[in-house]
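Hi,

Here is the structure I said I would pass on. Have a look at it first, and then read on for what turned up.

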Amino acid sequence: KIPFIWFWPEGKTGCAIMTHDVETRTGLDFCPALMDLNDSHGIKSSFQVIPEGRYHAQKHELDAIRKRGFEVNVHDWNHDGHLFSSRELFLSRAAKINEVAAEYQAEGFRSGVLYRNTDWYGDLNFAYDMSVPNVGHLDPQPGGCCTVLPYFIGNMLEIPLTTIQDYSLFHILRDYSTDVWKRQVERILDGNGLASFNVHPDYNIEKRARAVYSQLLAYLASLESERNVWLCLPRDVNRWWRERSRMQLVEKDGRLQIEGPGKERARIAYASMEGTRVSYTVAGKTAHEEEAMRQAR
């Protein structure tokens, strides 16, 4: 058995995050109603806002999102599909994007249409990116990272998009159900991975689409209570994954223990082979959980 620091805090079996790329002014106007729907299921999310061209997000609109406990991130520059078309254009826009990131207090970024060139990410001033899918069968730029776990690209954490986007589901596959999403989540959680979603406000104004999204939220909420899945914001994933990357497994008095900031949330796990599959076991409760249990008693 090979020991390592478990993927998620408090021994969570997996993680799920909800994100929303805001494509138009109509979508931005619908965001308060979407937040109401998210809150009705106890799920917070992030909103990626386009800085230039399609609409202008007012400061009070962004403040209203943050005050409700949701997150604001940057979505491309003007969403024309050309951000990575040339190095010169990218550098010009990256400088403006970085200014907006500071103005928005945004930690995260997602490019338009998931176009990407990860070799250039060093010029973006973000803690994390969400532009790389694990697979890209229905995306204009094919390929993907082939993992359902976050990973670092230089100093930037990549939080991959691991489930089908609502536009592809509703308008390409013409499937108004949660069946595909649920199948994907089951496979992701089978590997203790991250189920990340991109659901656009613009495509969920329609009653039929909104009903499907509500069913998805109810399903995710059930995973938290029934299967110990961590539902959180993208920034929470970023902070945890950075803490975890700085932790160390050390041996003291013949026993393994975790050292480093955030260790009270971490667990030791063991990886072993069972036939052709990697099997994981997670050690007992953390000190943080033991204290919570004592307080509950």
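Before the helices, one cut-off: I call a residue buried when its relative accessible area is under 20%, and exposed when that is over 50%. Also keep in mind that this is a predicted model.

With that cut-off, take α7. The buried residues there are P234, V237, N238, W240, W241, R242 and R244. The helix covers residues 234–246, and its 13 residues should span 18 Å at 1.5 Å a residue; the end C-alpha atoms sit 19 Å apart, so the two agree.

I ran the same check on α1. Its 16 residues should span 22 Å, and the end C-alpha atoms are 24 Å apart, which agrees. There is a bend, though: α1 turns by about 40° at C31, with a proline, P32, following within four residues. C31 is also one of the buried residues of α1, along with G27, L28, F30, L34, M35, L37 and N38. What do the buried residues of α1 pack against? Their partners are β2 (14–22), β3, α2 and α6 (207–227). Just after the helix, G42 has a positive phi of about 75°.

α2 (residues 59–67) has E61, L62, D63 and I65 buried. These buried residues pack against α1 (25–40), β3 (46–49), β4 (71–75) and α3 (87–104). Just after α2 there is again a glycine with a positive phi, G69, at about 90°.

Now for two residues worth clicking on for their backbone. Most residues other than glycine have a negative phi. D76 is not a glycine, yet its phi is positive, near 65°. You will find D76 in the loop between β4 and α3, and at 2% relative accessibility it counts as buried. D253 is not a glycine either, and its phi is positive at about 55°. D253 sits in the loop between β11 (248–252) and β12 (255–259). Is D253 buried or exposed? At 83% relative accessibility, D253 counts as exposed.

Two more loop residues, this time for their contacts:

- T178 lies in the loop between α4 (166–172) and α5 (179–190). Its relative accessibility is 5%, so T178 counts as buried. Leaving out residues up to four places away in sequence, T178 touches V212, Q215 and L216.
- Q165 is in the loop between β8 (156–158) and α4. With 13% relative accessibility, Q165 counts as buried too. Beyond its neighbours within four places in sequence, Q165 is in contact with L114, D139, N198 and H200. For Q165 and D139, the separation is 26 residues in sequence and 9.5 Å in space, C-alpha to C-alpha.

Last, the pockets. The largest pocket holds about 600 Å³ of space. It is lined by 25 residues, and those closest to its centre are N134, V135, T162, T163 and Q184. Which element gives the largest share of that lining? That is α5, with 4 residues. By class, the lining has 12 nonpolar, 10 polar and 3 charged residues.

If you open the model, you could begin with the bend at C31 in α1 and then go to the largest pocket, with N134 and Q184 among the residues closest to its centre.

Cheers

Key: Residues numbered from 1 in each chain as written. Predicted model: local features only at pLDDT ≥ 70, side-chain atom pairs only at ≥ 80, totals over all residues. Heavy atoms only, no water. Helix = DSSP H or I, 4+ residues; strand = E, 2+ residues; numbered from the N terminus. Buried < 20%, exposed > 50% of the residue type's maximum accessible area, 1.4 Å probe, protein only. Contact = heavy atoms within 4.5 Å. Expected span 1.5 Å × (residues − 1). 1 Å grid on protein atoms, 1.4 Å probe; cavity = no way out; pocket = protein on both sides within 12 Å on 5 of 7 lines; lining within 4 Å. Points joined across faces, edges and corners; volume = space filled by probe spheres on them. Nonpolar A, V, L, I, M, F, W, Y, C, P; charged D, E, K, R; others polar. Bend = angle between axes of the 7 residues up to and from the residue.
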